[in-house]
Amino acid sequence: MEGHRRKAVKVVLKKKKAVILIAVAAVVVLIGGIAIYRQTGNGSSSDGSENTTADGEAGDSGTDVKTEYTDEEKARIESQTGVTVTDEGTVQVDIGAIQAEEESMEVSREEAGELVLKELGEGSELISMDLRQEQENYYWAARASKEDETYQVWISADTGDTFINQKE
C-alpha cells in the first residue's frame with residue numbers, strides 16, 4: 001500500500017513539474033515579448049509609416065514584428081537556457097533543455113520552494129520561481145508573499161543556503 005502511495009505521489013510531482021516548466025517557459029516568452037515590444041517603441045512609428053508583419057505585409061495588431069536583433073540583444077536573449085534566436089529573427093524556447101537544467105541541480109525546485117516558505121515563516125505563499133545563473137553559481141530566484149508584503153528570496157541550487165531575502 002505504501003509503495004502505491006509513493007508511486008502516486010511521484011506521478012503527481014512529475015505532472016506538477018511539467019506544468020511548472022510550461023508555465024516558466026510561457027513567462028520567459030512573455031517577458032521576452034514585452035522587452036521587444038518596449039524596445040520597438042510600443043509599436044508606434046515616428047515617421048507615420050504603416051506597421052508591417054515579419055513578411056512585410058500590413059499588420060492588424062498595430063505593432064511591428066521584430067525580426068532583427070543587435071548582437072547585444074541576441075546575446076541577452078540567448079543567455080537564457082533553452083532560448084535561441086533563429087536567422088529569421090524568431091525566438092525559440094526548448095522546454096526540454098530548461099527541464100534538464102533544472103533537474104541537474106542538487107536542490108530541486110520543490111525543495112527550494114519549501115526552503116523559501118520556511119525562510120519566510122507561517123502564512124507565506126510562493127508566487128513564482130525560476131532558475132538563474134549568476135557568476136557561475138545557480139540560484140532559485142523566488143518571489144513570495146506574506147501578509148501584504150512581497151519578498152525576493154534566492155536559494156543556492158547547490159547547497160540550499162539562502163543568498164538573498166529582501167522585501168520588494
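## A chain of helices and strands

Along its sequence, the protein chain follows the pattern α-α-β-β-α-α-β-β-β-β. That comes to four helices and six strands. The model is a predicted one. The protein chain has 168 residues, and buried residues make up 25% of them. The chain exposes about 11,600 Å², with 49% of that supplied by carbon and sulfur atoms. Take the contacts between residues at least 6 apart in sequence: 31% of them join residues at least 24 apart.

**The largest core**

In soluble globular proteins, nonpolar side chains tend to be buried together. Here the largest nonpolar core holds 14 residues. Which of them touch the most other members? They are A112, V116, L120, W140, V153 and I155. Four elements each supply at least two residues of this core: α4 (109-120), β3 (124-134), β4 (137-146) and β5 (149-156). Another core lies apart from it. That one has seven residues, among them V24, V28, Y69 and V85.

I155 shows how the pieces meet. Leave aside its neighbours within four places in sequence. I155 is then in contact with A112, L115, V116, Y138, Y139, W140, G160, D161 and T162.

**Helix α4**

Helix α4 has twelve residues. At 1.5 Å a residue they should span 16 Å, and the end C-alpha atoms are 17 Å apart, so the two values agree. Which residues of α4 are buried? They are R109, A112, G113, V116 and L120. These residues cover an arc of only 100° around the axis, so they sit on the same side of α4. The face turned away from that buried side carries E114 and K118, which are exposed. Just after α4 comes G121, with a positive phi of about 90°.

**Strands β4, β5 and β6**

Strand β5 pairs with β4 and also with β6. β4 and β5 run antiparallel and are joined by eight bridges. One bridge links R143 to its partner Q152 in β5. β5 and β6 (residues 162-167) are antiparallel too, with five bridges. Here V153 stands opposite N165 in β6. V153 is also one of the core residues that touch the most other members.

The β4 and β5 hairpin has two residues between the strands. The hairpin of β5 and β6 has five residues between its strands, and G160 there takes a positive phi near 85°. G160 is also among the contacts of I155.

**Positive phi outside glycine**

Two glutamates, E136 and E147, are set side by side below.

| Residue | Loop | Phi | Relative accessibility |
|---|---|---|---|
| E136 | between β3 and β4 | near 65° | 72%, exposed |
| E147 | between β4 and β5 | near 60° | 71%, exposed |

Why does E136 count as exposed? Its relative accessibility is 72%, and exposed means over 50%, so E136 passes the cut-off. E147 passes the cut-off as well, because its value is 71%. The phi of E136 is positive in a residue other than glycine, and so is the phi of E147.

**A link across the sequence**

I98 belongs to helix α3 (residues 95-103). Is I98 buried or exposed? At 8% relative accessibility I98 counts as buried, because buried means under 20%. I98 and A25 are 73 residues apart along the chain, yet their C-alpha atoms are separated by 8.2 Å.

Technical notes
Residues numbered from 1 in each chain as written. Predicted model: local features only at pLDDT ≥ 70, side-chain atom pairs only at ≥ 80, totals over all residues. Heavy atoms only, no water. Core = buried A, V, L, I, M, F, W, Y, C linked by side-chain atoms within 4.5 Å. Buried < 20%, exposed > 50% of the residue type's maximum accessible area, 1.4 Å probe, protein only. Contact = heavy atoms within 4.5 Å. Pairing = 2+ DSSP bridges. Areas by Shrake-Rupley, 256 points an atom, 1.4 Å probe, with all protein chains shown as cover. Expected span 1.5 Å × (residues − 1). Arc of directions from axis to C-beta.
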